[in-house]
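I opened a new page today for a structure I had not looked at before. Here is what I looked up, in the order I went.

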Amino acid sequence: MPVEDDLFEKLRIELRRGSLVMAVLGALREERYGYTLRQSLEDAGLPIEESALYPLLRRLETQGMLTSEWREEGRRNKRFYRLSPDGEAILAQLLGEWNAISESILRLTERTK
């Protein structure tokens, strides 16, 4: 892999890492369990490995942005996650910041054309 490709890949992963928090919060406006959350993220073009998703869900729950509960569904216990009221407020703030950053970047890149 050429150096430029390697650098791009590292920067792309860094960009995705921050974006995934917003994507997970947004997707959990509707209650989901891990597998269906992972599928919805993948369907939206944001695939995530289970080894990254579950630690992220635990961290967001510890931070008070998600709630969860165990329920039996189809003879299996599944942990269902949902955005908490605090998570809803944080998501709104993050989306506002995301939009402001995006607009700034677009303005800056438009000037260089």
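**Pockets**

I began with open space, and found that the largest pocket holds about 230 Å³. I kept in mind that this is a predicted model.

Which residues line the largest pocket? I listed Tyr33, Gly34, Tyr35, Tyr54, Trp70, Arg76, Asn77, Lys78, Arg79 and Tyr81. Two elements, α2 (34-43) and β3 (76-83), each give at least two residues to this lining. The strand β3 contributes the most, with five residues. By kind, I noted five nonpolar, two polar and three charged residues around the largest pocket.

Next came the second largest pocket, with a volume of about 160 Å³. Its lining is made of Arg12, Arg16, Arg17, Leu20, Val21, Pro47, Ile48, Glu49, Ala52, Leu56 and Arg59. Here the elements that each supply at least two residues are α1 (3-27) and α3 (50-62). The largest share of this lining, five residues, belongs to α1. I sorted the lining of the second largest pocket into six nonpolar and five charged residues, with no polar ones.

**Salt bridges**

How many salt bridges does a search of the whole structure find? The search gives nine. As a reminder to myself, side chains of opposite charge can pair when their charged atoms come close.

I looked at Asp6 and Lys10, whose closest N and O atoms are 3.5 Å apart in a salt bridge. Both sit in helix α1, and because they are four residues apart, about one helical turn separates them. I also wrote down why that spacing suits a pair: an α-helix has 3.6 residues a turn, so residues three or four places apart point the same way. Asp6 counts as partly exposed at 33% relative accessibility, while Lys10 counts as exposed at 53%.

Then I turned to Glu30 and Arg32, whose side chains meet in a salt bridge at 4.0 Å, N to O. Is Arg32 buried or exposed? Arg32 has 17% relative accessibility, so it counts as buried. Its partner Glu30, at 49%, counts as partly exposed.

My last pair was Glu69 and Arg71, with 3.1 Å between the closest N and O atoms of their salt bridge. Glu69 is partly exposed, with a relative accessible area of 40%, and Arg71 is partly exposed too, at 29% relative accessibility. I found that this pair does not stand alone: Glu31, Glu69 and Arg71 are linked in a network of salt bridges.

**Helix α3**

I came back to α3, which I had met at the second largest pocket. I checked its length: at 1.5 Å a residue, its 13 residues should span 18 Å, and the end C-alpha atoms are 18 Å apart, so the two agree.

Which residues of α3 are buried? They are Leu53, Leu56, Leu57 and Leu60. Looking down the axis of α3, I saw these buried residues fall within an arc of 100 degrees, so they line one face of the helix. One of them, Leu56, was already in my list for the lining of the second largest pocket. On the face of α3 turned away from its buried side, I noted the exposed residues Ser51 and Thr62.

I ended the page just after α3, where Gly64 takes a positive phi of about 85 degrees.

Conventions:
Residues numbered from 1 in each chain as written. Predicted model: local features only at pLDDT ≥ 70, side-chain atom pairs only at ≥ 80, totals over all residues. Heavy atoms only, no water. 1 Å grid on protein atoms, 1.4 Å probe; cavity = no way out; pocket = protein on both sides within 12 Å on 5 of 7 lines; lining within 4 Å. Points joined across faces, edges and corners; volume = space filled by probe spheres on them. Nonpolar A, V, L, I, M, F, W, Y, C, P; charged D, E, K, R; others polar. Buried < 20%, exposed > 50% of the residue type's maximum accessible area, 1.4 Å probe, protein only. Expected span 1.5 Å × (residues − 1). Arc of directions from axis to C-beta.
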